[in-house]
Amino acid sequence: MELYEKREKYNDGFLKVSELHSIYYQEFGNPNGTPIVFVHGGPGGGCSDSSSQFFDHNYYRIILFDQRGCGKSIPSAEIRENTTWELVEDMEKLRKFLNIDQWILFGGSWGSTLSLIYAINYPQNVKAMILRGIFLGRKQDQSYLYQQGASWYFPEEYEEFASFVKPNERHNLINSYHKYLNSDNLDIAMQAAYRWAKWELGLITLEKTPFLEEILSDRKANLELARLENHYFVNNIFIKDDNYILNNVNKIENIKTIIVHGRYDMDCVPEGAYLLYKQLKNAKLNFIPASGHSSREPLIASALVDATEELKNMNF
């Protein structure tokens, strides 16, 4: 199925979630419809109005929100008071603020990670999940993306990414980029953010994105994505158990879950989706042929819309 047409939001605002942070939220669709929340990727990816196009506006009450430090949330690119557990609690505060009893989680990439961790901690508040591009958040998943793994398939792009730091710093690029992304010299931080964002965004589609440089011209978005992703990965997503999701998946094993994952996803390896699926009792796994990571790849976008339609037919 094709994406739905864009429509105007009917509500938006800021929710103050700490002394430092306020998160921006928007609502689209049917105010009395089934609540579904879009959990964006990154960390630091933010939402756009087009994120609401996966859903039938006549049926769903669609909630979009920008996680701490990105999109329209304030302050921008702020890593203080910014951890996985605080993001989980932000979601819970937003649910209560909007007077929602239960909602459907719609999360992709890092959004799948955050959705799963939220569901593990608040299973009673989750009606169902649609998850795309599963990222389990383990050290091996981070190493594959930023050290060795994806580098085997994109050697030219990886060389550009790695060459930003000195040769003796390249044994751990996540740690090495950290000081540059958080430099007091904003120009250095922006240069590092550009390299980081270019490496990751260059991997997410099966075919190279022809307008990648146009996307990368947004320096604010680059810094939010790069600084926040790096902050989370330097800190192993702030979870002591490296396999937290799979070790706790029994808490959500009966929640209706639809998993959509590109067969040739170079950003988040398909094995993660399969391992998750095998431990869930009420799940469907759709590996999408001729597709990479991005939710905007045609076959993946279609599969995601199909998933929202499938849940409609279950009268959630």
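Two rings of Phe, Tyr or Trp are taken as a pair if their centres lie within 6.5 Å, and I begin there because the model I am showing you, which is a predicted one, has 26 aromatic pairs by that rule.

One aromatic cluster is formed by Phe-135, Tyr-146, Tyr-158, Phe-161, Phe-164, Tyr-177, Tyr-180, Trp-196, Trp-199 and Phe-233.

Let me turn to a pair that involves the sheet. The ring centres of Phe-55 and Phe-106 are 4.8 Å apart and the planes stand at 75 degrees, so this pair counts as edge-to-face. Since Phe-55 sits in the loop between strand 3 and strand 4, while Phe-106 belongs to strand 5, the pair ties together parts that are 51 residues apart in sequence. Phe-55 is buried at 0% relative accessibility, and Phe-106 is buried as well, with 5%.

Within the cluster, Tyr-146 and Phe-161 have ring centres 6.3 Å apart and planes at 50 degrees, so we call that pair tilted. Tyr-146 comes from helix 3 and Phe-161 from helix 4, so here the parts tied together are 15 residues apart in sequence, and both of these residues are buried.

As for the sheet itself, eight strands form an open sheet with mixed pairing, in the order 1-2-4-3-5-6-7-8, and strand 1 and strand 8 are its edges, each pairing on one side only. Strand 1 pairs with strand 2 in the antiparallel sense over six bridges. Helix 2, residues 110-121, lies across strands 3, 5 and 6, and runs at about 145 degrees to strand 5.

Finally, Arg-95, in helix 1, is buried with a relative accessible area of 9%, and among the residues it touches are Trp-103 and Tyr-118.

Definitions and conventions:
Residues numbered from 1 in each chain as written. Predicted model: local features only at pLDDT ≥ 70, side-chain atom pairs only at ≥ 80, totals over all residues. Heavy atoms only, no water. Helix = DSSP H or I, 4+ residues; strand = E, 2+ residues; numbered from the N terminus. Buried < 20%, exposed > 50% of the residue type's maximum accessible area, 1.4 Å probe, protein only. Contact = heavy atoms within 4.5 Å. Pairing = 2+ DSSP bridges. Axes fitted to C-alpha atoms, helices over the stretch in contact; angles between N-to-C directions. Phe/Tyr/Trp six-rings, centres within 6.5 Å; stacked < 30°, edge-to-face > 60°. Lists of a residue's contacts leave out its neighbours within four places in sequence.
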